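Colleague: Could you take a close look at one part of this model for me, the sheet and what packs around it? I'd like the cut-offs spelled out as you go.

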Amino acid sequence: MTYIIKKFDELNNIELYEMLKLRQDVFIIEQNCIYPDIDNNDENAYHLLVLDDSKIVGCTRILDKGVTFDENSIGRVITAKSHRGRGIAKEMMLQSMIFIRDALNETHIKISAQSYIVPLYASLGFEIVSDEYLEDGIPHVDMLCNLEEMKTPNL
């Protein structure tokens, strides 16, 4: 697997198409959730792409502070169905967190997490900071991570 991070305007047409198709296939079709995935936040975000033989099989979206939360945020965390169960989501999160810490020189990340995947985020140092709420009919919680307090060896 190859992990790369690009700004929106650095994505080529094929990368953009594959990323948006993957997000559509999982978030809209698989999760049966009609919502505007293309929300005008991609253009100013960084995108972590996971490539397997030059095909995108996972991605995250890294947002600057002030876009969704007062802190930097990681969202649109997704792994292709064919590649689940291999630790790719955890590695994507770690790579995104390292980027926020090292390239953006930030120390805090806040996310809106689907409740079923809270244990993954908790294992990376995120703590629940809200009550559970529904977003597009799916239970979520807000979680916060202080990168200065991380004990994960990869950070």
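Modeller: Sure, starting at one edge: β1 and β2 run antiparallel and are joined by 6 bridges. Helices (H or I, at least four residues) and strands (E, at least two) are DSSP runs, numbered from the N terminus, and two strands pair if DSSP finds at least two bridges between them. One bridge partner pair is T2 with L51 in β2. Before going on, the caveats: this is a predicted model, where local features need pLDDT of at least 70, side-chain atom pairs count only at pLDDT 80 or more, and totals for chains, interfaces and linings use all residues. Residues are numbered from 1 along each chain as its sequence is written, and side-chain values use heavy atoms, leaving out hydrogens and water.

The whole sheet is open, with 4 antiparallel strands in the order β1-β2-β3-β4. β1 (2–7) and β4 are the edge strands, each pairing on one side only. On average, neighbouring strands are turned by 20° against each other, direction ignored; axes here are lines fitted to C-alpha atoms, for helices over the stretch in contact, and angles run from 0 to 180 degrees between N-to-C directions.

Now the helices. α1 lies across β1, β2, β3 and β4, at about 85° to β3. α2 also packs on the sheet, touching β1, β2, β3 and β4, and its direction makes about 155° with that of β4. Contact means heavy atoms within 4.5 Å.

α2 passes a length check: its 15 residues should span 21 Å at 1.5 Å a residue, and its end C-alpha atoms are 21 Å apart, which agrees. The expected span is 1.5 Å times one less than the number of residues. Its buried residues include M92, M93, M97 and F99, where buried means under 20% relative accessible area, exposed over 50% and partly exposed in between (1.4 Å probe, protein chains only).

Back on the edge strand β4, have a look at S73. S73 is buried, with a relative accessible area of 4%. A polar atom of the S73 side chain lies 2.8 Å from the backbone oxygen of K110. Leaving aside neighbours within four places in sequence, S73 is in contact with R61, I62, L63, I109, K110 and I111.

Two of those, I109 and I111, turn up again in the largest nonpolar core: they are among the residues there that touch the most other members. Such a core is a set of buried Ala, Val, Leu, Ile, Met, Phe, Trp, Tyr and Cys residues joined through side-chain atoms within 4.5 Å.

Definitions and conventions:
A polar contact is a pair of N or O atoms within 3.5 Å; within protein, one must be able to donate a hydrogen and the other to accept it, and residues adjacent in sequence count only if both atoms are side-chain atoms.
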